[in-house]
Amino acid sequence: MFKLLQTRKFVRKMSALFVAFFSCGVLLAQPSVMEAPAGFDVARTDIPHGRIDSITYPSKTVGVSRKALVYTPPGFSKKTAYPVLYLLHGIGGDEKEWLNGGKPQHILDNLYAEGKLAPMIVVLPNGRAMKDDRATGNIMASDKVQAFATFEQDLLNDLIPFMEKKYKVLSDREHRAIAGLSMGGGQSLNFGLGNLDKFAWVGGFSSAPNTKEPQQLVPDPKAAKEKLKLLWISCGDNDGLLRYSKRTHEYLDENGVPHIYYLEPGGHDFKVWKNGLFMFSQFLFKPVNPATFKKFSVLGTSAETNTRSAKYPQVMPDSRVVFKLKAPDAQRVQVDLGKKYDMQKGADGVWSVTTDSIGEGFHYYSVLIDGVAVADPASETFYGMGRMASGIEIPFAGGGYYAAKNVPHGDIRQKRYFSQMGGWKRCFVYTPPGYDANTSQRYPVLYLLHGGGEDERGWGQQGKTDLILDNLIAEGKAVPMVIVMMDGNTGGAGFGENALRSFEMELKQAVIPFIEQNFRVATEPSKRALAGLSMGGIQTLHAGIRNSNMFSYLGVFSSGWFANQPAISDPQYDFIQKNLASINKNVKQIWVSMGGKEDIAFENCRIMRQKFDAMGLKYTYHEYPGGHTWPVWRNNLHQFAQVLFK
């Protein structure tokens, strides 16, 4: 009897709290955990329970009466107006799939008991909107698949009006949510994002191939950003349908639409979907802080620079990176990303560490095993830092300009040529879309130079030159051009006059003649450009300015003459001063760019620009923050290519 009285008191207390929540706007915290604890889905006997009822509603869309289940929370009162969550099943289920496989009533009851949920009604409908809506026979039949799309009208025109008539519910969009698993996840994204005037809370758990293309889901990112309270996208890391969630996330990220992208260990099953409901439901109908969204995920996404099937390194939504490496006999293991991170050894011999948030774009890294720098066997390797090293690509919301898109693509061709100054050498040549078909056309050409410690592979691999140009050409922002990426390591020590002259001879006597004999490129100076980063920028300054009769465009990225080495720089400035008129006349654009004050070449470049200004040398200056790194140089190429040959 005492226990019964205590339960009744609890129910009254909960009911009062629920009323207070809506009348006074009580703030409830967002989830304090990253995943559901053990027992979260087990029925408890020591707490109040909600109730599940079956309803039948008339469907004008289908032409019959249809069934749904309705969960009402502990302490439910007919006098209180509640928000509503519409929770959808998968292609092989019906209105009872969640009840049978997911036990949502236990999950929600337990969360209510812990004070973690805003009170809500949950509707579990049959998302197969057809007269015979049973999950029997061939569930993949075209009419049954179509019925899941038809459900949008049944939901909007029949079920929601019925719920608002039968129950006291809040009918504005801010108090209506939709979520679902698999096929229901696709429906939720399609219907929720397609009807932002009806839903402010949208969740897709392991969304299926019925999910629309991102551009169709969110054709107006600005409107979605303004209207959505929360967009939740979750999936298991071993789910074969993960690519549909990933492509949606990447589009939203690129277009600045706040959302939670939540990955966890698991496949296409209720383990993942129950955890999705556990996490998603705690956000609903409360104030949310989009600034915290990137913190919510158990796992990160395998880096695109990983070797095939390697799960680690993983990039978390907030750009922290999780590294794991098996080295059972090692005594100390570190990851060197410029900053060294000590890894911790597990009982299974696997070392792991989670880094700070890493900047956008591409970064070299090494693994230090007992002090020896080696490449991570889980990562692709790249020639940089004067050796083969691992590299990691950090997703960037503004990186769409170097993303692979559905546009015409050019080619990067490997060519070998003979140099009198060094024997057989190799260069890579980008040819634009249509090069092979337009046999009568001659293209302008950009000679693009790498930095110190890199070689002719740098711009094509680390720099994503082909994707940058493919996208620019498709958008009409760049003139179709050939780009030649040669090896600038032509002999000679450092940046002395001999080394620079060696490069100049290689470019003029070997590379340019070879390209003009083997590719359809224009040979007049107005159709020829030279650019490079860091060491390649110095080579551009030397060879380009001394041969201004050959190049009409010069690009100098993160570079400048050394301010503390007058023996090298003074002869360059003397040459410019003596030939200033012809340089200004011949060179249409000297485009100088830096990666902000954190760029190691910033001070040299600042002093060089002061000297250019004093002499009257014409140039354009551009700055993009990011230091002396590939993210900066990708942006430099993206910007520089748009001014060429126009």
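These questions and answers cover one helix and two pockets of a predicted model.

Reader: How far apart are the end C-alpha atoms of helix 16, and what span should its residues give?
Author: Helix 16 runs over residues 602-615, which is 14 residues. At 1.5 Å a residue, the helix should span 20 Å. The end C-alpha atoms agree with that, so both values are 20 Å.

Reader: Within what arc do the buried residues of helix 16 fall?
Author: The buried residues are F602, N604, C605, M608, R609, F612 and M615. Seen down the helix axis, they line one face, because they fall within an arc of 150 degrees.

Reader: Which elements are included in what covers the buried residues of helix 16?
Author: Two strands are part of the cover: strand 26 (589-594) and strand 27 (620-623). Helices take part as well. They include helix 13 (535-546), helix 14 (566-578) and helix 15 (580-586).

Reader: Which helix gives the most to the lining of the largest pocket?
Author: The largest pocket holds about 1,200 Å³ of space. Its lining has 34 residues, and K246, E250, Y251, E254 and A403 are the closest to the centre. By class, 15 are nonpolar, 8 polar and 11 charged. With 7 residues, the top contributor is helix 8.

Reader: Which strand supplies the largest share of the lining of the second largest pocket?
Author: About 480 Å³ of space lies in this second largest pocket. H363, Y364, M385, H628 and T629 are the closest to its centre, out of 25 lining residues. Helix 17 (630-641) supplies at least two residues. The largest share, 5 residues, comes from strand 16.

Conventions
Residues numbered from 1 in each chain as written. Predicted model: local features only at pLDDT ≥ 70, side-chain atom pairs only at ≥ 80, totals over all residues. Heavy atoms only, no water. Helix = DSSP H or I, 4+ residues; strand = E, 2+ residues; numbered from the N terminus. Expected span 1.5 Å × (residues − 1). Buried < 20%, exposed > 50% of the residue type's maximum accessible area, 1.4 Å probe, protein only. Arc of directions from axis to C-beta. Contact = heavy atoms within 4.5 Å. 1 Å grid on protein atoms, 1.4 Å probe; cavity = no way out; pocket = protein on both sides within 12 Å on 5 of 7 lines; lining within 4 Å. Points joined across faces, edges and corners; volume = space filled by probe spheres on them. Nonpolar A, V, L, I, M, F, W, Y, C, P; charged D, E, K, R; others polar.
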